[in-house]
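Take a moment to look over the fold before reading on. The paragraphs below go through sheets, cores and helix pairs in turn.

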Amino acid sequence: MSLEWRGAAVAPDDEMPSPDAWEPVSVPGRPEQFAGAEAVAYETTFADPRDGSDAHTLLALHGTFAHTRVWCNGELLASHDAYFEPLRVRLPEREQYRVVVECRAPEDRFGGLHATDRLPAERRVPGVWWEASLETRPDPCVSELSVEPHVSADGDAAVEMSATVLTEEPLDDRVTLSLRPEGDVRGGGMMDRARVSTDDERTTVTYTVDVRDPSLWWPHDRGEQSRYVLRAKLGDDEHSATTGLRTVSYDDGLRVNGEAVPVRGVTLLDPTVEDVARAVEANANLVRVRAQGTPPEVVRACDDRGVLLWQDLPLSGPGSFDAERGRDLAARLDAAYARHPSFAAVGVHDEAVSPYADGLGSGFLDRLRFRWRAWRASYDAAAAESVAAAVDSVPTFPVVGPPGIDPDAATLYPGWQYGDAADLPWLCSQFGVGDVVAGFGAGALGTPDPGDSPGFDSACHDRRVDGGLDASQAYQAGVVRAVAETLRRRSAPLVVVDSLRDVGDAGMGLLAADGTEKTAFGVLADSYEPTQVVLTGTTPGTQDIVVLHDRPERADLTVEWDRNGDREQAEHTVGPFARVTVETLRLSAGDDVTLAATDGRTVVKNEYRISE
């Protein structure tokens, strides 16, 4: 049932908000007129929505940022402090309802990117962001259903179910459970019954459903996205949830279902369903949703498209935080996303220290300065590691940050914040980083006249680029290609570019805010091809042609290279996850080099211009 809502900016206090005036707003949404408000109240009125077969009225809210309270006819019914977790409120029986929902900005460190200026103010409005609905249900009913899949090392699979039951009378009955493959997925289904006996109005039933002949879920570049639907039926009421079966672990690289999966990822700053499709177009198999919760429709899109999800805790920027609060949120985040087969990793503390090397060059003295500043940059990882320990279902990366603080996932910005892209091997060897890279890249304009854009370092950009839109995007593309291909040549098991799409008129995105491609998008798509042929550099001198093969099976390839119209080719067999040098070229400034490789079915191509 849809509702009409009104909203008002209010001062956060302990009482139910009573603003002087309300104005019509859309819920869910982020009303731009309230940008900058510390708290916003939302009001709706309606008559009893139940018909003769209904006994319960439920208000379902998802994405209530960030600390939320709900009143019904002046009575406080619920408080909530984790917007990535659904809020479902049972309303008392009334002929007429007046519901007030107050959402206020976080008062602790757990606002994530939405507590920073990296996102525009209109994206940070306290409110119900994702879903809002009014439901009526019979008595008794299953009001909530959560599931968590498990696959053992021996291949045995099960789905752990937890159902919340509402009843107005003492109940002694059974919940009928059925598990069936979704669509054309092969594999057996099952049906069973779990007893529910209670004198309480609300109780929880748990049950574990074994899965016969399980069909596993895979990333899109490795297999099918098999899923199952679990249904719980109690009397005339039925509730369902969709899940998938897979294992995910990290041991010198990410493993899905026990098999190595080299990760090529993109960061999402304002995640949408369209961004998941764009990630697939860029040959990415993972998205990192940075320092914020992921909307339900975006997680479902990851499940559908076979894209792994690196889900951050909403914690960003230097400074201490309440570890106990962090552990609570981490456990709840784990439970909220555990049913999704795409859920693959959790990051705890994003940007754990302030950048310390802005503006440093590539010379000997600049490297000494870099090492000195990195040595001075200190971070005590104990709190982040304790928070990470609260996550049971997927690998964790407690500390995300620059070299020098021993991060679990490094952010590397040579060619942008400091140095040149060619400094990447020195950074990796000097500081022992480069296996897990949570962010790399460079910024670029998305429009000819961007003005002041959130999260975009215009001073850094102007140090690098002397020119307009084309020069800006060309520079970004060069850095992205050089770093991405260097990391892949080094067999880095997990790399994530920062980022897929801008949130303003300029930024680190490979796409403008409206989804228009910058030059770097196509460059990254080429660099992220699972099998690709690359040149080790774009400067005059000796450069190698290298085949990168990130597939679990061997391949027989024909490799071709064209230098200024002079074409040659060779046949090569490459093994699983191999790096093979095909040829060495002596190149001069101004040379045009085109590389291609084919296995007889598909062709990949890369083009280079040798710089002065």
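A residue counts as buried when its relative accessible area is under 20%. Keep that cut-off in mind for what follows. The model is predicted.

Start with strand E8, residues 96–104. How many of the residues of E8 are buried? Seven of its nine residues are, so the strand is mostly covered by the cut-off of under 20%. E8 belongs to an open sheet of six strands. The order across that sheet is E2-E1-E3-E8-E5-E6, and the pairing is antiparallel. Which strands stand at the edges? They are E2 (23–25) and E6 (75–80). Each has a single partner strand, so one side of each lacks a neighbour in the sheet. Neighbouring strands here are turned by 30 degrees against each other on average, direction ignored.

In general, the strands of a sheet pair through backbone hydrogen bonds. Now follow the pairs in this one. Strand E3, residues 39–47, is joined to E8 by nine bridges, and the two run antiparallel. Ala 39 has Arg 104 in E8 as its bridge partner. On the other pairing of E8, six bridges join it to E5, again antiparallel. There, Arg 69 stands opposite Glu 102 in E8. Strand E5 covers residues 67–72 and also pairs with E6, over five bridges in the antiparallel sense. Val 70 stands opposite Ala 78 in E6.

A further open sheet has three strands, in the order E7-E4-E9. Its pairing is antiparallel too. E7 (87–91) and E9 are the edge strands, each pairing on one side only. The twist from one strand to the next averages 20 degrees. Five bridges join E4 to E7. One of the partnerships sets Ala 60 against Arg 88 in E7.

Strands E4 and E9 also help to cover a helix. Helix H2 spans residues 296–305. Its buried residues are Pro 296, Val 298, Val 299, Ala 301, Cys 302 and Asp 303. What covers them? The cover includes strands E4 (56–65), E9 (127–137), E21 (286–289) and E22 (308–312). It also includes helices H1 (273–281) and H3 (323–337). Just after H2 comes Gly 306, with a positive phi of about 70 degrees.

Next, the nonpolar interior. In soluble globular proteins, nonpolar side chains tend to be buried together. The largest nonpolar core in this model has 100 residues. Which residues have the most contacts inside it? They are Val 266, Trp 310, Phe 370, Tyr 379, Phe 440 and Leu 524. Helix H8, residues 469–489, gives the largest share of this core, six residues. Another core lies apart from it, with 25 residues. Among them are Val 147, Ala 163, Val 165 and Leu 230.

Look again at Leu 524. Neighbours within four places in sequence aside, Leu 524 is in contact with Val 266, Ala 282, Val 480, Ala 484, Val 497 and Leu 510. Val 480 and Ala 484 are in H8, and Leu 524 is in H9. Helices H8 and H9 (519–527) pack at an angle of about 15 degrees, with their axes 8 Å apart. That makes H8 roughly parallel to H9. Their crossing is right-handed. The residues of H8 that meet H9 include Gln 473, Ala 477, Arg 481 and Arg 488. On the H9 side, Thr 519, Ala 520, Val 523 and Ser 527 are among those taking part.

A second helix pair is H4 (364–376) and H6 (424–431). Their axes come within 12 Å and cross at roughly 40 degrees. That makes H4 oblique to H6. H4 passes H6 in a right-handed crossing. Arg 367, Phe 370, Arg 371 and Ala 374 in H4 meet Trp 426, Leu 427, Gln 430 and Phe 431 in H6.

Finish with a single residue. Val 436 lies in strand E26, residues 436–440. Is Val 436 buried or exposed? At 8% relative accessibility, Val 436 counts as buried. Its contacts, sequence neighbours within four places aside, are Tyr 250, Trp 310, Phe 397, Asp 408, Ala 409, Ala 410 and Leu 494. Gly 401 is 35 residues from Val 436 in sequence and 11 Å from it in space, C-alpha to C-alpha.

Terms used: Residues are numbered from 1 along each chain as its sequence is written. This is a predicted model: local features need pLDDT of at least 70, side-chain atom pairs count only at pLDDT 80 or more; totals for chains, interfaces and linings use all residues. Side-chain values use heavy atoms; hydrogens and water are left out. Two strands pair if DSSP finds at least two bridges between them. Helices (H or I, at least four residues) and strands (E, at least two) are DSSP runs, numbered from the N terminus. Axes are lines fitted to C-alpha atoms, for helices over the stretch in contact, and angles run from 0 to 180 degrees between N-to-C directions. A nonpolar core is a set of buried Ala, Val, Leu, Ile, Met, Phe, Trp, Tyr and Cys residues joined through side-chain atoms within 4.5 Å. Buried means under 20% relative accessible area, exposed over 50%, partly exposed in between (1.4 Å probe, protein chains only). Contact means heavy atoms within 4.5 Å. Angles under 35 degrees count as roughly parallel, over 145 as roughly antiparallel, 65 to 115 as roughly perpendicular and the rest as oblique. A crossing is left-handed if the near helix is turned anticlockwise from the far one by less than a right angle, and right-handed if clockwise.
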